[in-house]
Amino acid sequence: MGDELSELQENAEHGREDNSLAPVSVTMAIIAVLVAVVSLMGHRSHTEEVLMQARATDQWSYYQAKNIRRHNYEMAVDLLALGEFKDKAAADKVLNKYKDGAARENKEQAEIEEQAKDLEKESAGASRKADRFDLGEVFLEIALVISSLALLTRNRNFWYIGIVSAIAGVVVAATGMLLH
């Protein structure tokens, strides 16, 4: 970004020499601001993506912990079913406690799985959004470079092409804002 700003300053100085190129310099300054804004939005979307993925990973870890606990309860139920106990009522009470624990863990596991999948969907959405901002930034960067060619060559066709590229960049970035 620092190189772009120094290039803009240098090109603006050339624009002072030839007043007919002043609109090109102003356009380049506007495009530079748009590059900065779209770049910032892209960075924020990537950060959101990483945070959502981390939360999804945490949920999957929690899911796995519940899975291990459920297996432990089921193993206890299986072991209790194999033995003979003097106090059958007490053994049945413990057996039911472990069965209830396994059922509870199974139910909670399903809820955790759903939450993890929702977080993965949110992460994918943030990724798509970030991709749009990145693509918009590319078009804006191209617009900046092509517009600077208008100053160097004194050919306004480069400026028009740069404006078209900038519009494409803004449209693509705007579609990123529309994604949820």
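**Salt bridges and surface patches**

Biologist: How do the side chains of Arg 104 and Glu 105 meet?

Modeller: Keep in mind that this is a predicted model. Here the N to O distance between Arg 104 and Glu 105 is 3.7 Å. A salt bridge asks for such atoms within 4 Å, so the side chains of this pair meet in a salt bridge.

Biologist: Is Glu 105 buried or exposed?

Modeller: Its relative accessibility is 1%. Buried means under 20%, so Glu 105 counts as buried.

Biologist: And Arg 104, at 40% relative accessibility, what does that residue count as?

Modeller: The class in the middle runs between the 20% and 50% cut-offs. At 40%, Arg 104 therefore counts as partly exposed.

Biologist: Which residue in helix H2 forms a salt bridge with Glu 105?

Modeller: The closest N and O atoms of that pair are 3.7 Å apart. The pair links distant parts of the chain, since Glu 105 is in helix H3 and its partner, 36 residues apart, is in helix H2. The partner is partly exposed, with a relative accessible area of 43%. That residue is Arg 69.

Biologist: Which residues are linked in a network of salt bridges?

Modeller: Glu 105 bridges to Arg 104 and also to Arg 69. These three belong to a network that takes in two further names, Lys 66 and Glu 108. Put together, the network is Lys 66, Arg 69, Arg 104, Glu 105 and Glu 108.

Biologist: How many salt bridges does a search of the whole structure find?

Modeller: One of them joins Asp 92 and Lys 88, at 3.6 Å from N to O. Another joins Glu 105 and Arg 69. For the whole structure, the search finds eight.

Biologist: What separates Asp 92 and Lys 88 in helix H3?

Modeller: Asp 92 is partly exposed at 29% relative accessibility, whereas Lys 88 is exposed at 55%. They are four residues apart in helix H3, so what separates them is about one helical turn.

Biologist: Which helix gives the most to the negative patch?

Modeller: The patch is formed by Glu 48, Glu 114, Asp 118 and Glu 122. Asp 118 is partly exposed, at 33%, and patch members need over 30%. The helix that gives the most spans residues 88-153 and supplies three residues: helix H3.

Biologist: Which residues form a nonpolar patch on the surface?

Modeller: Together they have about 350 Å² of accessible area. One of them, Leu 79, is found in helix H2 and counts as exposed at 53% relative accessibility. The full set is Met 75, Leu 79 and Leu 82.

Biologist: How far apart in space are Leu 80 and Tyr 98?

Modeller: Leu 80 lies in helix H2. Leaving aside neighbours within four places in sequence, Leu 80 is in contact with Phe 85, Val 94, Leu 95 and Tyr 98. Leu 80 and Tyr 98 are 18 residues apart in sequence, and their C-alpha to C-alpha distance is 9.5 Å.

Biologist: Which residue has a positive phi although it is not a glycine?

Modeller: Most residues other than glycine have a negative phi. The residue in question has a phi of about 65°. Its place is in the loop between H3 and helix H4 (156-178), and it counts as partly exposed at 41% relative accessibility. The name is Arg 154.

Terms used
Residues numbered from 1 in each chain as written. Predicted model: local features only at pLDDT ≥ 70, side-chain atom pairs only at ≥ 80, totals over all residues. Heavy atoms only, no water. Patch = residues over 30% accessible without salt bridge, like charges linked within 9 Å, V, L, I, M, F, W, Y side chains within 5 Å. Areas by Shrake-Rupley, 256 points an atom, 1.4 Å probe, with all protein chains shown as cover. Lys, Arg positive; Asp, Glu negative; His and termini not counted. Charge placed at Lys NZ, Arg CZ, Asp CG, Glu CD. Helix = DSSP H or I, 4+ residues; strand = E, 2+ residues; numbered from the N terminus. Buried < 20%, exposed > 50% of the residue type's maximum accessible area, 1.4 Å probe, protein only. Contact = heavy atoms within 4.5 Å.
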